[in-house]
Amino acid sequence: MLNKLHEVYPFLYGKTYDESDMDRRFSDLVNKHKELFKRDDIMLFSASGRTEIAGNHTDHNLGLVIGASINLDTIACVSKRDDNRVIIASEGFPVVDVDISDLEIKEEEKNTTHALIRGIAKAFEQRGIKVSGYQANTTTRVLKGSGLSSSAAIEVLAAEIFNNIYASDSLNPIEIAKIGQYAENVYFGKPSGLLDQLSCAHGGIVGIDFKDPKNPLVTPLEFDFEEHGYALIITDTKGNHADLTHEYAAVPPEMRSVAAFFNKENLREVDYKDFIKNFSQIRAKLNNDRALLRAYHFFKENERVSLMLKELKEEAVDTFLMLVYESGNSSYKYLQNVYPSSHPEDQGLSLALAMSEDVLEGEGASRVHGGGFAGTIQAYVPHYMLDSYIDRMESIFGKGCSVRIEIRKRPVSRIY
């Protein structure tokens with residue numbers, strides 16, 4: 001088993017992984033499966049977390065984004081069952097046991113993994129694919145609450161297990177992502193977009209155009225930041241997300257309130273020139289300057305995403321990093337998701353960005369990562385500055401707060 005996995009590791013974990021560490025990780029997973037389920041006929045699956053390269057809070061208004069799979073993943077050891085039960089034992093969590101012969105929505109299951117599994121099975125049924133049970137144990141290195149999409153990783157992992165065992169991998173990663181989103185929206189009860197699932201499922205760097213949200217246009221591209229002399233660092237500022245739901249929830253409707261001025265549902269349907277031409281009238285009608293600033297961010301961020309895709313294709317890393325900095329600046333000033341307006345004294349992300357600028361001194365770039373308000377920043381750090389950068393972040397936010405990530409090439413898949 002390990003010899004075969006050694007061939008796969010580079011496509012999952014990039015250049016900086018420790019082979020013996022990964023061997024122990026997978027061996028422990030398999031041994032745990034044998035202990036739990038008494039089965040030797042096992043399969044191994046892997047689904048990655050994701051990073052947002054560009055397009056901060058644009059997807060929910062049908063905008064453009066760049067996402068990427070990363071080398072932090074959730075892995076599963078799986079064996080097939082002869083009944084309709086799906087049993088998942090995730091390290092550190094209660095066992096999930098779902099009978100998928102019943103695919104009705106259960107209100108009492110909202111916001112649970114049970115709901116996700118039932119919804120995923122339902123999505124396969126809707127596609128005319130009959131699925132049955134499996135049992136799995138999982139472990140993850142996708143950091144929770146870090147904007148790396150640990151929840152989307154488990155969704156696409158559970159879907160890919162069905163896809164491999166019962167559909168001979170007939171569904172591509174885009175369909176797997178849509179299944180995860182469906183389960184999260186309809187069964188779990190969270191109105192998320194498709195960015196997280198698609199970035200986790202696809203593998204590599206992808207530009208995504210959500211103009212048609214049911215059929216997003218996906219543009220894969222290859223780029224290796226490590227080969228260009230930069231380490232991609234995610235720093236967790238350890239902020240508390242508990243009371244910030246209203247902050248996140250305000251962003252999409254404020255953008256859409258500007259679109260509504262033009263009798264449109266989303267900002268993607270509005271022409272930027274018309275937005276500027278009618279700026280004063282929109283301001284008078286909405287009486288919400290923040291909504292206008294957030295709309296301005298949307299339009300400019302969409303332009304940047306197109307430019308950033310072009311620069312990555314042309315391997316123009318310096319111009320790309322300049323645009324990364326511009327994106328972060330726009331999120332800070334116009335989108336205003338770097339600290340919560342309800343708690344202006346809590347500005348961990350602002351501090352991390354300030355210290356990043358101080359250490360980098362015009363080299364590399366940094367920006368808010370993901371939803372914002374609390375959580376993580378993303379930085380592109382020259383290799384020769386890596387130790388000093390991490391030392392500074394750890395001196396403020398604690399040891400282990402900064403994680404070096406790499407782009408993963410392989411999509412969600414069975415690996416053994």
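The 23 lining residues of the second largest pocket make a suitable opening selection: ten are nonpolar, four polar and nine charged. The structure on screen is a predicted model, and every value quoted on this tour is computed from it.

**First stop: the second largest pocket**

Centre the view on E222, F223, D224, I407 and K409, the lining residues that lie nearest the centre of this pocket. The space inside amounts to about 490 Å³. For the surrounding secondary structure, display α1 (2-13) and β7 (217-221), the elements that give two or more residues to the lining.

**Second stop: T51 in strand β1**

Next, select residues 43-54, which form strand β1, and pick out T51 within this strand. Is T51 buried or exposed? Its relative accessible area is 0%, under the 20% cut-off, and T51 therefore counts as buried.

Show side chains here and locate Q378: a polar contact of 3.0 Å joins its side chain to that of T51. Then add the other residues that T51 touches beyond four places in sequence, including I66, G67, A68 and I70, as well as L232, I234 and H369. I405 and I407 are also among the residues touched by T51; I407 has already appeared beside the centre of the second largest pocket.

**Third stop: helix α6**

Move to residues 195-202, helix α6, where seven of the eight residues are buried. To see them, select L195, Q197, L198, S199, C200, A201 and H202. Which elements cover these buried residues? Among them are β1, β2 (64-80), α4 (150-167), α5 (173-188), β6 (205-209) and β7. Strand β1 is the element that holds T51, and β7 also contributes to the pocket lining.

Within helix α6, focus on L198. This leucine is buried because its relative accessible area, 0%, falls under 20%. Apart from neighbours within four places in sequence, L198 is in contact with P173, I174, A177, I208, P216 and V218. A distance label between the C-alpha atoms of L198 and G180 should read 9.0 Å, for two residues 18 apart along the chain.

Step just past the end of α6 to G203, which takes a positive phi of about 90°.

**Last stop: two cysteines**

Finally, select C77 and C200. C77 is buried at 0% relative accessibility, and C200 is likewise buried at 0%. With a disulfide taken as a pair of cysteine sulfur atoms within 2.5 Å, the count for the model is zero.

Definitions and conventions. Residues are numbered from 1 along each chain as its sequence is written. This is a predicted model: local features need pLDDT of at least 70, side-chain atom pairs count only at pLDDT 80 or more; totals for chains, interfaces and linings use all residues. Side-chain values use heavy atoms; hydrogens and water are left out. Helices (H or I, at least four residues) and strands (E, at least two) are DSSP runs, numbered from the N terminus. Buried means under 20% relative accessible area, exposed over 50%, partly exposed in between (1.4 Å probe, protein chains only). A polar contact is a pair of N or O atoms within 3.5 Å; within protein, one must be able to donate a hydrogen and the other to accept it, and residues adjacent in sequence count only if both atoms are side-chain atoms. Contact means heavy atoms within 4.5 Å. On a 1 Å grid over the protein atoms alone, a cavity is a set of points where a 1.4 Å probe fits but cannot get out, and a pocket is an open set with protein on both sides within 12 Å along at least five of seven lines; lining residues have an atom within 4 Å of a point. Grid points are joined across faces, edges and corners, and a volume is the space filled by probe spheres set on the points. Ala, Val, Leu, Ile, Met, Phe, Trp, Tyr, Cys and Pro count as nonpolar, Asp, Glu, Lys and Arg as charged, and the others, Gly among them, as polar.
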